[in-house]
Amino acid sequence: MLRVRPVHFTSRTESWEQLLTILGMVRTEDDDGWQVFDSASGRLALHAAEAGSERDGRTVFAVEVGDVAEFARRTNASAQDEATAPADLVTADHGEACRISAPDGFSFLADKAPHGAQCADADPALAVVAVWYTADPEAAVRTMLHIGARPRPVPDDDDTADFTAKNGGILLVRTASGPSRSGLGFEYSGPLEPLRERLVAAGIAAGLTEEAFGSTLHVANPDAAAPNAPATVWISERRPMG
C-alpha cells in the first residue's frame, strides 16, 4: 500500500483544526501534540511546534505504507537497474520507518500506517497533495516510480509530473531552483465556490483565481506569520482531462 500523509508542524494547531474541519477532513488520531486528519484521499498529520521555531509552519513530505520492510525491498528492487538502493530501514523517534533518499539530496520517510481505511465521513471531493520542489525533476520522477506512485496525465508538456498513491492522495513533482523542499496543498473534484463560501462564513479569508487548467482557491494560511511560511494554502480544482 501507499498513502500520502505529509506532516505539518505548527504552533497554531487550533486554527489548523478549524481549517481542516471546514474542508471536510476528520480527525482520526489525537495523541500528545500529534493529530492526524483524514480526507477521502490521503491524510495530513499535524505536529505541535514552538512558535517562531525553525519548524513552525513547515510541511514535511511523507507517506504511509503497510509493511515497512517489504516497501523498502520493493523500492530497491525497482531501482536496481539504476544500480541504486534509495530505501533504507531506519529507527525514527516514533518507531521503525523507511527513509527514501533521492539524487537531489531530498529524503522522506515512509511510516507504517496505523490503520487502513480512510474515514468514511470525510468530504469525498477533497484530496491531500504533497509537493516535491526540485531542480532535478527527472530524478524525482524516477524516485516516485520506484516507490510505486502511479503517473497521471498532466494538461501540458513541461517539467511537471503528477502521481496518485494507490491508497489515497496526490504526489506532485514541480521544478524549482535552490535546495529541494516540500509543499502542501489540496485538490477538490467539485466546484470551489461553495467551499469558499464555507470558509468565508467561518471567518477565514479565501479567494478564487481562474487559471489555464482550472480554478484555484487561495486560503489564508494559519501559519502566515511564521518564518518562511506561505501566505496562503492552495486548493486546486480537479477537472477531468479530455
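Thr216 sits in strand E17, which runs over residues 214-220. The model is a predicted one, and in it Thr216 comes out as buried, since its relative accessible area is just 7%, against a cut-off of under 20% for that label. Leaving aside residues up to four places away in sequence, Thr216 touches Leu192, Gly207, Leu208, Thr209, Glu211, Trp234, Ile235 and Ser236. Three of these names, Trp234, Ile235 and Ser236, carry numbers that fall in strand E18 (232-237).

Between E17 and E18 there is a loop, and that is where Asn228 is found. Its backbone is a bit of an oddity: phi of Asn228 is positive, about 70°, although the residue is not a glycine. Buried or exposed, then, for Asn228? Exposed, with a relative accessible area of 67%, where the label asks for over 50%.

Ala83 makes a similar story elsewhere in the chain. This residue belongs to the loop between H2 and E8, and its phi is near 55°, again a positive value in a residue other than glycine. Ala83 is exposed too, at 74% relative accessible area.

That loop leads back to helix H2, made up of residues 68-78. Which residues of H2 are buried? They are Val68, Phe71, Ala72 and Thr75. Looking down the axis of H2, these buried residues fall within an arc of 100°, so they line one face of the helix. What do they pack against? The partners are strands E7 (62-65), E8 (87-92), E9 (95-101) and E10, along with helix H3 (137-146). At the N-terminal end, H2 is capped by Asp67, with a side-chain oxygen of Asp67 placed 3.1 Å from the backbone nitrogen of Ala69.

E10 turns up once more in the pocket analysis. Rolling a probe the size of a water molecule over the atoms shows where empty space is left. In this model, the largest pocket holds about 1,200 Å³ of space. Its lining counts 46 residues, and those nearest the centre of the pocket are Val7, Phe9, Thr59, Val60 and Phe61. Which element gives the most to that lining? Strand E10 (residues 107-112) does, with 5 residues. So much for position; as for chemistry, the lining of the largest pocket splits into 20 nonpolar, 14 polar and 12 charged residues. Strand E10 thus has a part in two settings, as a packing partner for the buried residues of H2 and as a contributor to the lining of the largest pocket.

Key
Residues numbered from 1 in each chain as written. Predicted model: local features only at pLDDT ≥ 70, side-chain atom pairs only at ≥ 80, totals over all residues. Heavy atoms only, no water. 1 Å grid on protein atoms, 1.4 Å probe; cavity = no way out; pocket = protein on both sides within 12 Å on 5 of 7 lines; lining within 4 Å. Points joined across faces, edges and corners; volume = space filled by probe spheres on them. Helix = DSSP H or I, 4+ residues; strand = E, 2+ residues; numbered from the N terminus. Nonpolar A, V, L, I, M, F, W, Y, C, P; charged D, E, K, R; others polar. Buried < 20%, exposed > 50% of the residue type's maximum accessible area, 1.4 Å probe, protein only. Arc of directions from axis to C-beta. Contact = heavy atoms within 4.5 Å. Polar contact = N/O pair within 3.5 Å; in protein donor to acceptor, adjacent residues only side chain to side chain.
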